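This report is meant for someone meeting the structure for the first time. The sequence and the model come first, and the description follows.

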Amino acid sequence: MLTAGWVSDKLFKARRGPVMATYMFILSFTMLGFWKLEHAVAYTTALALCGFLVYGPLMLVSVAAAGFAGKKAAASASGFTGLWGYIGGAFAGTGIGTIVDYFGWGAGYSVLVGASIMSALCFSLTWNVIPRSLAADVGPGAPGGSG
């Protein structure tokens, strides 16, 4: 989480989309490795990388929503993303469990890899968007700027 925040602030000038999209795209390959690898060290490394890569976007999505909404609606935007995160978390175990029960682990991993790719694509839609507080500094016509 700390590296995702640092990278988005320092390398992407507070744009959260590039970091979230990149982390999720790399996560899809890491999950493939976790699924297919059989050597204990490689399997353990892939598992650790999955954890590393999923928590960056998890933290940044709330930060990004607050930045997109601006000062007056930051708390509401953050709460809204949290609400959907908790709803998704409540149903994820049941959903994946049902898929695995009926179709096997291959289908379960396929769904997880597909979900990470879809997340990366959705996050990439915000690639050039900057927080509203910085948009005033950028000016009209700039990506994420007002106008």
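Beyond the neighbours within four places in sequence, serine 8 is in contact with Lys13, Ala14, Arg15, Arg16, Val19 and Leu60. The model described here is a predicted one. Serine 8 belongs to helix α1. Its relative accessible area is 0%, so serine 8 is buried.

**The loop between α1 and α2**

Several contact partners of serine 8 have entries of their own, among them Lys13, Ala14 and Arg16. Lysine 13 lies in the loop between α1 and α2, and alanine 14 is found in that loop as well. Arginine 16 is likewise placed in the loop that runs between α1 (2-10) and α2 (17-36).

Lysine 13 has a phi near 50 degrees, which is a positive value in a residue other than glycine. Alanine 14 is not a glycine either, and its phi is positive too, at about 75 degrees. Are these loop residues buried or exposed? For lysine 13 the relative accessible area is 64%, and a residue over 50% counts as exposed, so lysine 13 is exposed. Alanine 14 has a relative accessible area of 10%, and because this is under 20%, alanine 14 is buried.

What does the side chain of arginine 16 make a polar contact with? The partner is the side chain of aspartate 9, at 2.6 Å. Setting aside neighbours within four places in sequence, arginine 16 is in contact with Gly5, Ser8, Asp9, Leu60, Val63 and Ala64. Leu60 thus appears in the list for arginine 16 and also in the list for serine 8. Arginine 16 is buried, as its relative accessible area is 12%.

**Two glycines of α5**

Glycine 106 is located in helix α5, and glycine 108 is found in α5 too. Glycine 106 has a relative accessibility of 30% and therefore counts as partly exposed. Glycine 108, at 2% relative accessibility, counts as buried. With neighbours within four places in sequence left aside, glycine 108 is in contact with Ile96, Ile99 and Val100.

**A loop after α5**

Leucine 125 is found in the loop that lies between α5 (105-124) and α6 (132-138). Its relative accessibility is 70%, so leucine 125 counts as exposed.

The table gives C-alpha distances for pairs of residues, together with their separation in sequence.

| Pair | Separation in sequence | C-alpha to C-alpha distance |
|---|---|---|
| Leucine 125 and alanine 21 | 104 residues | 8.8 Å |
| Glycine 106 and lysine 36 | 70 residues | 9.7 Å |
| Glycine 108 and glycine 97 | eleven residues | 7.9 Å |

**Cysteines**

How many disulfides are counted? The count comes to zero disulfides. Cysteine 50 is in no disulfide, and the nearest cysteine sulfur, that of cysteine 122, is 19 Å away. Cysteine 122 is in no disulfide either; the nearest cysteine sulfur to it is that of cysteine 50, at 19 Å. Why are the two not counted as a pair? A disulfide needs the two sulfur atoms within 2.5 Å, so a distance of 19 Å between the sulfurs of cysteine 50 and cysteine 122 does not meet the rule. Cysteine 50 counts as buried because its relative accessibility is 12%.

**The chain as a whole**

The secondary structure consists of six helices and zero strands. Read from the N terminus, the order of elements is α-α-α-α-α-α. Along the principal axes, the C-alpha atoms fill a box of roughly 50 × 30 × 25 Å.

The chain has 147 residues, and buried residues make up 30% of them. Serine 8 is one of the buried residues, with its relative accessible area of 0%. The accessible surface of the chain is about 9,100 Å², and 72% of this belongs to carbon and sulfur atoms.

Contacts can also be sorted by separation along the chain. Of the contacts between residues at least 6 apart in sequence, 56% join residues at least 24 apart.

The chain carries 8 positive and 4 negative charges, and the mean positions of the two groups are 16 Å apart.

Methods: Residues numbered from 1 in each chain as written. Predicted model: local features only at pLDDT ≥ 70, side-chain atom pairs only at ≥ 80, totals over all residues. Heavy atoms only, no water. Helix = DSSP H or I, 4+ residues; strand = E, 2+ residues; numbered from the N terminus. Buried < 20%, exposed > 50% of the residue type's maximum accessible area, 1.4 Å probe, protein only. Contact = heavy atoms within 4.5 Å. Areas by Shrake-Rupley, 256 points an atom, 1.4 Å probe, with all protein chains shown as cover. Lys, Arg positive; Asp, Glu negative; His and termini not counted. Charge placed at Lys NZ, Arg CZ, Asp CG, Glu CD. Polar contact = N/O pair within 3.5 Å; in protein donor to acceptor, adjacent residues only side chain to side chain.
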